[in-house]
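Subject: Handing over a structure, with notes

Dear colleague,

I am passing a structure on to you, and below it you will find notes on what turned up when it was examined. Please keep the structure open beside the text while you read.

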Amino acid sequence: MSPDPIDQAGYALLDSGRGRKLEQFGPFRLVRPCAPAIWEPVLDRSEWERADAVFTRDGDSPPPAGAGLPESWETRIGGLVFKTSLTGFGHLGVFPEHLTIWRRTGEIARAGGRAELSILNLFAYTGGATLALAGPGRKICHVDASRPAVAWARENARLNRLEDSPIRWIVDDVKKFAGREIKRGVRYDGIILDPPSFGRGNKGQVFKIEQDLPPLLRDLGRLLSDRPLFVCLSAHTPGFTGRVLENLLRQVLSPRGGGRLESGDLVIDSAQSFPLTLGTYALWTR
């Protein structure tokens, strides 16, 4: 079985199985590990063998295996253009499963009917949500502890002609930044965050999702404006189901009264193979 013709500038999940996924990022076909994919692949073996690069986990952080790939290239996902590059961790600078969140929060921002919105994006990585939410009247604060990730996000903004948009690019520890914003009296109409299971701040500060996420959410509750539009929380941590994330948001936001909560999986669909669930999210809206 062969896959349908694909967009040579876009992204596609071609197949998955036996702990791996076969993806198309722009003109290049890549194989990467995928622990949840324990089923058998759908496509013929010959389709997998056409991969331009194969990432393996033989060591702690091995380099990708492959020949003939440029240092970076462009991939279009959900109408946005991303700088794509192989890394020693198997990441490529963009997580396509977050397309659901980008679209949903973008719809909420547009439907809000407000001339100006202030939005905070935490653990913002290379800026998918920042780019999706940027637009007339929207001031975005993009925060990540990794200086290279923020530089990558700024490059993505340039690729999407958003370099002149009102975006604050902040390299900082998220917990400390939130505390300082509270003291400064800053408020946001929307907050989006995608915390890691474990991470380190720009000065070595440790973030552990089980112990640090609840107090961080309490601080973020204090950063919301009087009429907030949304709070979106996503995670890739085993056991952190959509209902778990809902419970965390409910505890923080229930004192405000009203609003709606929804949750779900971060899913990548495939035209030929099975859809892949690669995380969960919860969304509170006014």
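R45 counts as exposed, at 67% relative accessibility, where exposed means over 50% relative accessible area, buried means under 20%, and partly exposed lies in between (1.4 Å probe, protein chains only). Before going further, please note that this is a predicted model, in which local features need pLDDT of at least 70 and side-chain atom pairs count only at pLDDT 80 or more, while totals for chains, interfaces and linings use all residues. Residues are numbered from 1 along each chain as its sequence is written, and side-chain values use heavy atoms, with hydrogens and water left out.

Salt bridges

R45 forms a salt bridge with E49, and the closest N and O atoms of the pair are 3.0 Å apart; a salt bridge here is a side-chain nitrogen of Lys or Arg within 4 Å of a carboxyl oxygen of Asp or Glu. The partner, E49, is also exposed, with a relative accessible area of 54%. Side chains of opposite charge can pair when their charged atoms come close, and by the rule just given the count in this model comes to 13 salt bridges.

Another of these joins E40 to R18, with the closest N and O atoms 2.7 Å apart. This pair links distant parts of the chain, 22 residues apart, since E40 sits in the loop between strand 3 (28-33) and helix 1 (45-48), whereas R18 sits in the loop between strand 1 and strand 2. Helices (H or I, at least four residues) and strands (E, at least two) are DSSP runs, numbered from the N terminus. E40 is partly exposed, with a relative accessible area of 47%, while R18 counts as exposed at 61%.

A further salt bridge, with an N to O distance of 2.7 Å, is made by the side chains of R184 and E181. Both residues lie in helix 5 (residues 174-184), 3 residues apart, which is about one turn of the helix. R184 is partly exposed at 48% relative accessibility, but E181 is buried, with a relative accessible area of 0%. Finally, R29, E47 and R50 are linked in a network of salt bridges.

A buried acid without a salt bridge

What surrounds D144, which is buried yet has no salt bridge? The nearest side chain of opposite charge, R147, is 10 Å away; for this purpose Lys and Arg count as positive and Asp and Glu as negative, while His and the chain ends are not counted. D144 belongs to strand 9 (residues 138-144), and a polar atom of the D144 side chain lies 2.8 Å from the backbone nitrogen of Y125 and 3.3 Å from the backbone nitrogen of A124. Leaving aside neighbours within four places in sequence, D144 is in contact (heavy atoms within 4.5 Å) with several residues, among them F123, A149, V150 and D172.

Nonpolar cores

In soluble globular proteins, nonpolar side chains tend to be buried together. A nonpolar core is taken here as a set of buried Ala, Val, Leu, Ile, Met, Phe, Trp, Tyr and Cys residues joined through side-chain atoms within 4.5 Å. The largest one has 44 residues, and those with the most contacts inside it are L30, W102 and F230. Helix 2 supplies the largest share of this core, 5 residues. Apart from it lies another core, of 31 residues, including F207, L213, L224 and A282.

F95, in the loop between strand 7 (80-84) and helix 2 (99-111), is partly exposed, with a relative accessible area of 26%. Neighbours within four places in sequence aside, F95 is in contact with W102 and Y125.

Cysteines and backbone angles

How many disulfides does a search of the whole structure find? The search finds 0, a disulfide being a pair of cysteine sulfur atoms within 2.5 Å. The sulfur of C232 is 17 Å from the closest cysteine sulfur, in C141, and is therefore too far for a bond. C232 is buried, with a relative accessible area of 2%, and C34 likewise counts as buried, at 3%.

Two residues that are not glycine have a positive phi: R18, at about 55°, and R161, near 55°. R161 is found in the loop between helix 4 (147-159) and strand 10 (167-171) and is exposed, with a relative accessible area of 78%.

With best wishes

Terms used: Polar contact = N/O pair within 3.5 Å; in protein donor to acceptor, adjacent residues only side chain to side chain.
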